[in-house]
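Me: I have a structure open and I'd like to walk through it. Can you help me read it?

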Amino acid sequence: MNDYEHADVGGVQLAYRVWGAADAPPVVLLHGIGGGGPGDWDTVARRLADRWRVYAVDQRGHGLSDRTSGYAIDVLVADVAALLDALKLERAAVIGHSLGGVVAYLFAARFPERVAALVVEDAGLMYPRTPVPPRRPEGELPFDWDAVLALRSQIDEPDPRWRDEARGITVPTLLISGGPASYVRQETIAELAQAMPDGALTVIDAGHMVHQDRPDEFTAAVRAFLTART
C-alpha cells in the first residue's frame, strides 16, 4: 500500500497517496461521501500509473485528512485549488466520483485553466430532492459523520447557481454513468453531458460504484479519454 503524504490547505491537512513517475502528467482522484482511504481508488490508480502521476486525495473529514468544524461543497472545491498549489501543479486532469464528481466539475467551472481534462463518475446536475435521513453505521468510522450530514443536506437542497456553473464548463469532459442500477437520477447526468460544449457520456451498467465494481471498463474508458488529452 502506498504511504500517505500530507498537504496544508489553509491550515487544514489533506492526506493523499501517489502513484506513477514524478514527471508524468498529473491526475487527481476525488472520492464520494464516506469514501477515500486505502481501497477506494487503488485499482484505478495502479492501472493509470504507467502513464500518469496519480494523486488519490482524502477530502476533508475523510480518511486521514483533518476533521473540521464545517463542511461546505464550495470549501471542498477551494481545497482542490489549494492542493494543486501545495503540490506545485499548474493544472491536472481531475476525476471525481459522486460528491467528488460534483466537486470536480465545480472546480473545472471555476478554474478551467487548471483542468487538463475532467472525468465525472455517476454525478449530474443537482436538483432539490426529498431528504432521506442517513443512518449512522455502528462503530468507529473512517470519516466524520458530521461531514456526511452536512454534505448530504447540501445535496438535498443544492445551490441553484451550481447548475448554471456546470452547464458552462468548457474543458473536455467524460461523464461515466452507472446506468439504471444506480440510485443517481441518470437523466441529470445526460442533461449535464448535453449542456457541455465538449462533453461525452459513457454508460457502464454497474450501479453507483462504477470504478470499484467494473474497474476494467471504467479504467479503459478513462485511459482512452485521457490519452487523447494529456
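Reply: Sure. One definition to begin with: two strands pair if DSSP finds at least two bridges between them. Also keep in mind that this is a predicted model.

Me: OK. How many bridges join strand 3 to strand 5, and do they run parallel or antiparallel?
Reply: There are 4 bridges between strand 3 and strand 5, and the two run parallel. With at least two bridges needed, they therefore count as paired. To find the place on screen, look for Val28, which stands opposite Val94 in strand 5.

Me: What about strand 3 and strand 4?
Reply: Those pair in the parallel sense too, over 5 bridges. Here Val27 stands opposite Val54 in strand 4.

Me: What lies between them along the chain?
Reply: Helix 1, residues 42-48. Strand 3, helix 1 and strand 4 make a β-α-β unit, and that unit is right-handed.

Me: Is strand 3 buried or exposed?
Reply: Buried. The count is 5 of the 5 residues, so strand 3 is largely enclosed by the rest of the structure.

Me: Which residues point which way?
Reply: Pro26, Val28 and Leu30 point one way from strand 3. Val27 and Leu29 point the other way. All of them are buried.

Me: Zoom out. What is the strand order in the sheet?
Reply: The order is 1-2-4-3-5-6-7-8. The sheet is open, has 8 strands and shows mixed pairing.

Me: Which strands stand at the edges?
Reply: Strand 1 (5-9) and strand 8 (199-203). Each has a single partner strand, so one side of each is left without a neighbour in the sheet.

Me: And the twist?
Reply: From one strand to the next, the twist averages 25 degrees.

Me: The pairing is mixed, you said. Where are the antiparallel strands?
Reply: Strand 1 and strand 2 run antiparallel, joined by 5 bridges. His6 stands opposite Ala15 in strand 2. Strand 2 (residues 12-19) also runs antiparallel to strand 4 (residues 53-58), again with 5 bridges. In that pair, Val18 stands opposite Tyr55.

Me: Which helices pack on the sheet?
Reply: Helix 3 is one of them. Helix 3 (residues 99-110) touches strand 3 (26-30), strand 5 (92-97) and strand 6 (115-121). Its direction makes about 145 degrees with that of strand 5. Helix 8 (residues 215-227) packs on the sheet as well, touching strand 3, strand 5, strand 6 and strand 7. The direction of helix 8 makes about 170 degrees with that of strand 7.

Me: How does strand 1 turn into strand 2?
Reply: Through a hairpin, with 2 residues between the strands. Gly10 is in the turn and has a positive phi of about 65 degrees.

Me: Which residues other than glycine have a positive phi?
Reply: Lys88 and Ser98 are among them. Lys88 has a phi of about 60 degrees, and phi of Ser98 is near 55 degrees.

Me: Where do those two sit?
Reply: Lys88 is in the loop between helix 2 (73-86) and strand 5. Ser98 lies in the loop between strand 5 and helix 3.

Me: Why is Lys88 called exposed and Ser98 buried?
Reply: Exposed means over 50% relative accessible area, and buried means under 20%. Lys88 is at 73%, so Lys88 is exposed. Ser98 is at 16%, so Ser98 is buried.

Me: New topic. How many residues are in the largest nonpolar core?
Reply: It has 49 residues. Those with the most contacts inside it include Tyr16, Ile73 and Phe107. Helix 3 gives the most to this core, with 8 residues.

Me: What does Ile73 touch?
Reply: Its contacts farther along the chain than four places include Leu99, Met126 and Trp162.

Me: What about the second core?
Reply: That one is separate and has 25 residues, including Val27, Trp41, Leu48 and Ile204.

Me: Last one: Ser177. Where is it found?
Reply: In strand 7, residues 173-177. Ser177 is buried, with a relative accessible area of 3%. Its side chain makes a polar contact with the side chain of Gln186, at 3.2 Å. Ser177 also touches Asp122, Leu201 and Ile204, among others.

Key: Residues numbered from 1 in each chain as written. Predicted model: local features only at pLDDT ≥ 70, side-chain atom pairs only at ≥ 80, totals over all residues. Heavy atoms only, no water. Buried < 20%, exposed > 50% of the residue type's maximum accessible area, 1.4 Å probe, protein only. Polar contact = N/O pair within 3.5 Å; in protein donor to acceptor, adjacent residues only side chain to side chain. Contact = heavy atoms within 4.5 Å. Axes fitted to C-alpha atoms, helices over the stretch in contact; angles between N-to-C directions. Core = buried A, V, L, I, M, F, W, Y, C linked by side-chain atoms within 4.5 Å. Right-handed = clockwise from strand over helix to strand, strands pointing away.
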